[in-house]
Amino acid sequence: MEVQPKLFFITLAVGDLDRSVAFYRDGLGWELQTDGSYVAGLAFGSGYLVVSQDERPADQRSYAGGQEIAVKVDDLDAQHARITRNGASPSPIVARPWGERNFTFCDPDGYVWCYGQPTG
């Protein structure tokens with residue numbers, strides 16, 4: 001029997017590792033499981049995010065755009081309040097015609113995240 005592929009982890013290059021760890025750990029409540037000098041790993045639900053220090057010169061870095069990562073949550077309103085309380089600027093919550101409420105926000109490097117909750 002063929003095993004279907006599953007998401008293992010996401011890796012993002014970041015401009016400031018400590019700032020990113022604080023954003024995901026303290027701002028989003030994700031669990032820091034790997035804490036190295038150039039890389040960190042954070043667990044959230046069944047997902048895992050690896051953030052690594054981008055060693056390119058600052059003028060050669062570009063992060064924003066080109067992707068959006070969606071995360072399913074159980075209490076969208078509570079997550080929206082938490083992210084707002086911790087200093088991020090999430091979009092308003094929107095009810096989508098496909099049976100989902102969601103909002104987006106950016107991490108400190110401009111990566112776009114979407115938190116969503118099914119309505120049905």
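# Briefing: core, salt bridges and cysteines

The largest nonpolar core has 26 residues, and those with the most contacts inside it are L12, Y24, W30, L49, V51, W113 and Y115. Two or more residues of this core come from each of β1 (10–14), α1 (17–27), β3 (39–44), β4, β5, α2 (76–85), β7 (100–106) and β8 (112–118). Helix α1 gives the most, with 4 residues. The model is predicted. It holds 4 salt bridges and 0 disulfides.

**Helix α1**

- The buried residues of α1 are L17, S20, V21, F23, Y24 and G27.
- An α-helix has 3.6 residues a turn, so residues three or four places apart point the same way.
- Among the buried residues of α1 are L17, V21 and Y24. Of these, Y24 also belongs to the residues with the most contacts inside the largest nonpolar core.
- R19, also in helix α1, is partly exposed, with a relative accessible area of 36%.
- At the start of the helix, a side-chain oxygen of D16 comes to within 3.2 Å of the backbone nitrogen of D18.
- After α1 comes G29, which has a positive phi, near 80 degrees.

**W30 and its contacts**

- W30 is listed with the residues that have the most contacts inside the largest nonpolar core.
- Leaving aside neighbours within four places in sequence, W30 is in contact with Y24, R25, L42, A43, F44, L49, W113 and Y115.
- Among these partners of W30, the residues Y24, L49, W113 and Y115 also appear in the list of those with the most contacts inside the core.

**Strands β2 and β3**

- Strand β2 (residues 31–35) pairs with β3 in the antiparallel sense, over 4 bridges.
- The two strands β2 and β3 form a hairpin, with 3 residues between them.
- E31 stands opposite A43 in β3, and A43 is also one of the residues in contact with W30.
- Strand β3 is one of the elements that give two or more residues to the largest nonpolar core.

**Q67 in its loop**

- Q67 is found in the loop between β4 (47–53) and β5 (68–72).
- Q67 is partly exposed, with a relative accessible area of 25%.
- Apart from neighbours within four places in sequence, Q67 is in contact with Y111 and V112.
- From C-alpha to C-alpha, Q67 and W113 are 8.7 Å apart in space, while 46 residues separate them in sequence.

**D109 and its partners**

- D109 forms a salt bridge with R19, with 3.0 Å between the closest N and O atoms.
- D109 lies in the loop between β7 and β8 and R19 in helix α1, so the pair ties together parts that are 90 residues apart in sequence.
- D109 is buried, at a relative accessible area of 10%, whereas R19 is partly exposed, at 36%.
- The side chain of D109 also makes a polar contact of 3.4 Å with the side chain of S20, which is one of the buried residues of α1.

**Two further salt bridges**

- R101 forms a salt bridge with D77, the closest N and O atoms being 2.9 Å apart.
- This pair links distant parts of the chain, with R101 in strand β7 and D77 in helix α2, 24 residues apart.
- R101 counts as partly exposed at 24% relative accessibility, and D77 counts as partly exposed at 41%.
- The side chains of D54 and R56 meet in a salt bridge of 2.7 Å, N to O.
- D54 is buried, with a relative accessible area of 6%, whereas R56 counts as partly exposed at 36% relative accessibility.

**Cysteines**

- A disulfide is a covalent bond between the sulfur atoms of two cysteines.
- A search of the whole structure finds 0 disulfides.
- The closest cysteine sulfur to that of C106 is in C114, at 11 Å, which is too far for a bond.
- For C114, the closest cysteine sulfur is likewise the one in C106, so no bond is possible at 11 Å.
- C106 counts as partly exposed at 41% relative accessibility, whereas C114 counts as buried at 5%.

How values were computed
Residues numbered from 1 in each chain as written. Predicted model: local features only at pLDDT ≥ 70, side-chain atom pairs only at ≥ 80, totals over all residues. Heavy atoms only, no water. Buried < 20%, exposed > 50% of the residue type's maximum accessible area, 1.4 Å probe, protein only. Contact = heavy atoms within 4.5 Å. Core = buried A, V, L, I, M, F, W, Y, C linked by side-chain atoms within 4.5 Å. Pairing = 2+ DSSP bridges. Polar contact = N/O pair within 3.5 Å; in protein donor to acceptor, adjacent residues only side chain to side chain. Disulfide = S-S within 2.5 Å.
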